[in-house]
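Please walk me through this structure, one part at a time. I am new to reading protein models, so keep the sentences short.

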Amino acid sequence: MTQSPPRITKAVIPAAGLGTRFLPATKATPKEMLPVVDKPAIQYVVEEAVAAGLSDVLMVTGRNKRPLEDHFDRNYELESALTRKGDADRLAKVQQSSDLATMHYVRQGDPRGLGHAVLCAAPHVGSEPFAVLLGDDLIDARDQLLSRMVEIQEHEGGSVIALMEVDPEQIHLYGCAAVETTAESDVVRVTGLVEKPEPAEAPSNLAVIGRYVLDPAVFDVLRTTRPGRGGEIQLTDALQQMAADESIGGPVHGVVFKGRRYDTGDRGDYLRAIVRLACEREDLGPDFKAWLRRYVTEEM
């Protein structure tokens, strides 16, 4: 009898970065805690993992990241104050973050790149496939990217990465995939990966965005991966080895995402994400869009 692959239940969220692009706001506040409308960016990411069935979340943190732990913990004083006021709506919002998932935390220590941050998760993950979600990329809850990636990994084995078509002139900002088509229109076979190539050297315009479903063999590869671009241990370099040799943890597939993605790691895109999400809120959208129309008309 063929043994079915283990069900994926664990998600890893690297959150040890310094957030220098948002200084001085991030001098004392983790960038992951910056609000997108009225929730910190990191909560959207955890909610996405939970919606895909990943209820065990490990956050890889660093110094000055204690507010992340506090946000997903109980705040009995605040809950008690809201209860006394009879403010059930705000009480439910406060309790939601602490009831989302089983949260774990580990410190990265030295900031040696995304690959090193993922390697810090090895003791917690063990020998199971797992997901990695980067906090800078917010995927609209209506677009089931992570669930689709989990589905492909459970069917094909190996690892699955999220890809998105970008303007060729922007490919130097991303990892880039060389691919082959498959029988499914949104799935490709990844044959190679290059970290932030020059446009003339890029094998495609398919950029790696911040969602991965990985075979645990990636840990052994990362342990021997030498520092790459920027002097850091790059997850892209480890996945390139796995794509080139399927005996290391199986094949690497990509899901080509055409949905709604919000890049909160860039100041301009962060502001655009807030506007888009606020416009779509039933409680905020009508009044906010009316004001936005007046503002744009007056400015133009």
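**Strands, pockets and single residues**

Strand 10 is joined to strand 12 (residues 252-256) by 3 bridges, and the two run antiparallel. Find R189 and look across: H253 in strand 12 stands opposite. Keep in mind that this is a predicted model.

Now turn to another partner of strand 10. Strand 9 (residues 175-181) pairs with strand 10 (residues 187-195) in the antiparallel sense, over 7 bridges. These two strands form a hairpin, with 5 residues between them. To see the pairing in one place, pick C176. V194 in strand 10 stands opposite C176.

Strand 9 has a further neighbour. Strand 11 (residues 206-214) runs antiparallel to strand 9, and 2 bridges join them. Which residue of strand 11 is the bridge partner of C176? The partner is A207. So C176 is a good landmark, because a residue in one strand can be followed to V194 in strand 10 and to A207 in strand 11. A general point helps when you look at strands like these. In a regular strand, side chains alternate between the two faces of the sheet.Next come the cysteines. How many disulfides does a search of the whole structure find? The search finds 0. A disulfide is a covalent bond between the sulfur atoms of two cysteines. Two cysteines can be checked for burial. C120 has a relative accessibility of 18%, so it counts as buried, because the limit for buried is under 20%. C279 is buried as well, with a relative accessible area of 16%.

Now look for empty space. Rolling a probe the size of a water molecule over the atoms shows where empty space is left. The largest pocket holds about 1600 Å³ of space. Its lining is made up of 50 residues. Nearest the centre of this pocket lie R21, K31, L134, D136 and K196. Several elements give two or more residues to this lining, among them helix 5 (114-119), strand 8 (159-165) and strand 11. Helix 9 (235-244), strand 13 (261-263) and helix 10 (267-279) do so too. What is the lining of the largest pocket like by class? It divides into 19 nonpolar, 14 polar and 17 charged residues.

The second largest pocket has a volume of about 470 Å³. It is lined by 21 residues, and those closest to its centre are Y44, I139, D140, A141 and R142. Helix 1 (41-51), strand 7 (137-139) and helix 7 (145-156) each give two or more residues to the lining of this pocket. Helix 1 provides the largest share, 4 residues. By class, the lining of the second largest pocket has 11 nonpolar, 2 polar and 8 charged residues.

A cavity is the next thing to find. The whole structure has 1 cavity of 30 Å³ or more. About 70 Å³ of space lies in this largest cavity. Its lining consists of K31, E32, L34, A41, I42, V45, G135, D136, T264 and Y270. Which element gives the largest share of that lining? Helix 1 does, with 3 residues. The lining of the largest cavity has 5 nonpolar, 2 polar and 3 charged residues. Look back at two of its names. K31 and D136 line the cavity, and K31 and D136 are also among the residues nearest the centre of the largest pocket.

Finish with two single residues. Start with K10, which is found in strand 1 (residues 10-14). Is K10 buried or exposed? K10 is buried, because its relative accessible area is 11% and the limit is under 20%. The side chain of K10 reaches the backbone oxygen of H124, at 2.8 Å.

Then go to T83 in helix 3 (residues 76-85). T83 has a relative accessible area of 51%, so it counts as exposed, since the limit for exposed is over 50%. A polar atom of the T83 side chain lies 2.8 Å from the backbone oxygen of E79. In both cases a side chain meets a backbone oxygen: K10 is buried, whereas T83 is exposed.

Definitions and conventions:
Residues are numbered from 1 along each chain as its sequence is written. This is a predicted model: local features need pLDDT of at least 70, side-chain atom pairs count only at pLDDT 80 or more; totals for chains, interfaces and linings use all residues. Side-chain values use heavy atoms; hydrogens and water are left out. A disulfide is a pair of cysteine sulfur atoms within 2.5 Å. Buried means under 20% relative accessible area, exposed over 50%, partly exposed in between (1.4 Å probe, protein chains only). Two strands pair if DSSP finds at least two bridges between them. On a 1 Å grid over the protein atoms alone, a cavity is a set of points where a 1.4 Å probe fits but cannot get out, and a pocket is an open set with protein on both sides within 12 Å along at least five of seven lines; lining residues have an atom within 4 Å of a point. Grid points are joined across faces, edges and corners, and a volume is the space filled by probe spheres set on the points. Ala, Val, Leu, Ile, Met, Phe, Trp, Tyr, Cys and Pro count as nonpolar, Asp, Glu, Lys and Arg as charged, and the others, Gly among them, as polar. A polar contact is a pair of N or O atoms within 3.5 Å; within protein, one must be able to donate a hydrogen and the other to accept it, and residues adjacent in sequence count only if both atoms are side-chain atoms.
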